[in-house]
Structure formats: structure tokens, C-alpha cells
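Let's take a relaxed walk through this protein and see which residues meet up with which. Keep the picture open while you read.

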Amino acid sequence: SGWNRIINNVARRVAIFGGTHGNEMSGVTLVNLWIQNGKEIHRKGVETKPFITNPRAVEKCTRYVDTDLNRAFTTENLSAPSGDDLPYEVQRAQQINEIFGPKGSPEAYDVIFDLHNTTSNMGCTLILESSKDHFNLQMMHYIKKAIAPDSCPVLLTEHPLLKYSTSRSVAKHPIGLEVGPQPQGVLRSNIFESMRVVLKHALDFIELFNEGLEFPPCTVDVFRVSEKMDYPRDTNGNIIAMVHPNLQDCDWEPLNPGDPMFQTFDGTTLRYEGAGTVYPTFINEAAYYEKQQAFVTTRRETLAAGAIKKT
């Protein structure tokens, strides 16, 4: 048959993760609402499980307790002998891998949506981990069309040197949803609402797929992660400049060689000296100061997705 991709019963088990970072309030609040009443996320033929991934961090309204849960799903962590001496988030990663995984196995959940907020002006951003995941590409194409004319950029985190051991990576089809700008520990109704709407369309797509609808080949514009940029620092590692006002809040906008990038505390402008135009995102993200990251640069790309249909 002429299908590029015939997928077997792909989306029977779907999880929605909130509170992977305990101070990102939209996901925490939505997941808690849906644990109380899941009517809104119920779809025919799908078991949808809302789940708070880092309850201790949620309780404290902090990003994490011992270590970043969203970087904890490494082979080493998941295969470490379990015990109370392990960092809390590593113990939690093992539990999550047991419930929703094991990562990389046929038993793993089909889809995991991981809900995040950012302090950056990223709008509603979908995060794709593999350019070869045709099911996710088709879903993202569907969501982008459904919410147009509102925009929904896709960030592709596939990179030979940057490995992301995310909570959602336990699933066969991991999807990150990153919505901002929203301060940590704060709810903003517009941000909350856009997260809710994107998730509604994502679940609608899964229901249509399960009903046997064929999705023809399509293309999806993505922003592929290129490099992480740190703040300028002195020899002691102290930050000596801020994101330049011309760059602040300009996520997804072109940054050209020679454009202002940082501003030192005495007002000197430091300019971008890279080769060619890039599209920065996660600009001045609060949680990334500890990761020594002022923003990430991305490059635009168009990915082709094959037709998909359930057998």
C-alpha cells in the first residue's frame, strides 16, 4: 500500500505531565484540575492519564528539590540501584520510568505531553525531540493549522552534542509544550488558556488518528537548536552584562551578525558576531541562569512528514 507510515495502534495510552518543574504553574494547575475531573481530556479509545511528576517541588513551589527532573532521565540514572540515598528527582525518574516506560521499550506509553512555562517571550511553543517522528510532525502540523492565525513555533531539540534526558523521553512520542512569558510561581490567564487550547487540539488529533483518518504528507517549519549562549562573565564567573534591550522579549526574531546582543552594566553594547542569521529563543529564561545560558540560537528548517494512517 502507498502509505509512507503505517502505525500500529499508536495512541492508546497518553499521559499529560504537569509539575516537572514545580514552579511552572499552568501545567501544575491544569493537571490538578484534570486529576479532579478528566472530562475535558477524555477522548474515544484513549486512556489519558494526567500526572504530577515532581510533587515535592510542586509543594514547595520550586523548580526542583535536589536536581532538575527534566535532565534526570539518563541511562545511568534509570539503571542505578534504587535507594533513599539517591537524589529525590533520580528516585522519581525511576518511578516515572516504571509507570510510563520503560524508556525505549514496547511497553512505554505512546504519547507524553510535558507541560512547561517559561519566563521568556516564547508564546506557545511545541518541542520536538526527533525530526524523524512523523506522528509528532503530523500532530504539530494539525495544531498549527487549528490555532492559526495565532502562531505556534516548533523547537527541534535534536543536536549531535546536546543531549536532553527529559521526563517525556520515556514515551514513544514525547512532546514538550512550553508557554510564556509567565513568571515562576505565577498564573497568567492568557498563558494558561493557550496551553489548554493547544492540548485540546493535540488530543483531538489523536482521536481522529485512532478513528482511522489518514493524514496526507505535509511539511512543518521548525527552529533547530544550534548553540547555547552564555552571559559575558568575568574571570570569577560573575555575570558582567545583561540581555540587550533590543534582544529582550524578541524570541524567534532574526538576530543578524552585528546586532546588539548584550549590554554591560556601564552601558556598552556587545554585538552578535556569529556567522549568518540565527533565531534566538529562551531569551533571559530565569531558570537558565544556573545553567549558564542567556539564550539558545536556532536555525530555521522545513521538515517533511510522510502520510500516516492507523492499521
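How far apart do the end C-alpha atoms of residues 219-299 lie, and how much of the span is helix and how much is strand? The ends of that stretch sit 16 Å apart, and the span is 0% helix and 37% strand. Keep in mind that this is a predicted model. Besides that stretch, we'll visit an annotated binding site and some charged pairs.

**The annotated domain**
- The stretch you just looked at, residues 219-299, carries the UniProt annotation "domain: AstE/AspA barrel-sandwich hybrid", which comes from an unreviewed entry.

**The annotated binding site**
- An unreviewed UniProt entry marks Asn-70, Arg-71, Tyr-164, Ser-165, Thr-166, Ser-167 and Arg-168 as "binding site".
- These residues span 99 residues in sequence, but no two of their C-alpha atoms are more than 10.4 Å apart, so they gather at one spot.
- From this group, Asn-70, Arg-71, Tyr-164, Thr-166 and Arg-168 are included in the lining of the largest cavity.

**A closer look at Asn-70**
- You'll find Asn-70 in the loop between helix H2 (55-60) and helix H3 (75-79).
- Is Asn-70 buried or exposed? Its relative accessibility is 5%, and the cut-off for buried is under 20%, so Asn-70 counts as buried.
- Leaving aside its neighbours within four places in sequence, Asn-70 is in contact with several residues, among them Thr-20, His-21, Asp-114 and His-116.
- Its contacts also include fellow binding-site residues in the annotation, namely Ser-165, Thr-166, Ser-167 and Arg-168.

**A closer look at Arg-168**
- Arg-168 belongs to the loop between strand S6 (154-156) and strand S7 (173-180).
- With a relative accessible area of 5%, Arg-168 is buried.
- Skipping neighbours within four places in sequence, the contacts of Arg-168 include Asn-70, Ile-112, Ile-127, Pro-174, Ile-175 and Gly-176.
- One polar contact joins the side chain of Arg-168 to the side chain of Glu-129, at 3.1 Å.
- Which residue meets Arg-168 in a salt bridge? That would be Asp-114, at 3.5 Å from N to O.
- Asp-114 lies in strand S4 (residues 111-117) while Arg-168 is in the loop between S6 and S7, so the pair ties together parts that are 54 residues apart in sequence.
- Asp-114 has 0% relative accessibility, so this residue counts as buried.

**Charged pairs around Arg-63**
- Side chains of opposite charge can pair when their charged atoms come close.
- How many salt bridges does the structure hold? There are 14.
- One of them links Glu-24 to Arg-63, and the closest N and O atoms are 3.5 Å apart.
- Glu-24 sits in the loop between strand S2 (13-18) and helix H1 (25-36), and Arg-63 in the loop between H2 and H3, so this pair ties together parts that are 39 residues apart in sequence.
- Both Glu-24 and Arg-63 are buried, with Arg-63 at a relative accessible area of 9%.
- Arg-63 also forms a salt bridge with Asp-68, where the closest N and O atoms are 3.0 Å apart.
- Asp-68 counts as buried too, at 5% relative accessibility.
- Zoom out a little and you get a network of salt bridges linking Glu-24, Arg-63, Asp-68, Glu-290 and Lys-291.

Conventions:
Residues are numbered from 1 along each chain as its sequence is written. This is a predicted model: local features need pLDDT of at least 70, side-chain atom pairs count only at pLDDT 80 or more; totals for chains, interfaces and linings use all residues. Side-chain values use heavy atoms; hydrogens and water are left out. UniProt positions are given in the numbering used here, feature names are shortened, and annotations may be inferred rather than shown by experiment. On a 1 Å grid over the protein atoms alone, a cavity is a set of points where a 1.4 Å probe fits but cannot get out, and a pocket is an open set with protein on both sides within 12 Å along at least five of seven lines; lining residues have an atom within 4 Å of a point. Helices (H or I, at least four residues) and strands (E, at least two) are DSSP runs, numbered from the N terminus. Buried means under 20% relative accessible area, exposed over 50%, partly exposed in between (1.4 Å probe, protein chains only). Contact means heavy atoms within 4.5 Å. A polar contact is a pair of N or O atoms within 3.5 Å; within protein, one must be able to donate a hydrogen and the other to accept it, and residues adjacent in sequence count only if both atoms are side-chain atoms. A salt bridge is a side-chain nitrogen of Lys or Arg within 4 Å of a carboxyl oxygen of Asp or Glu.
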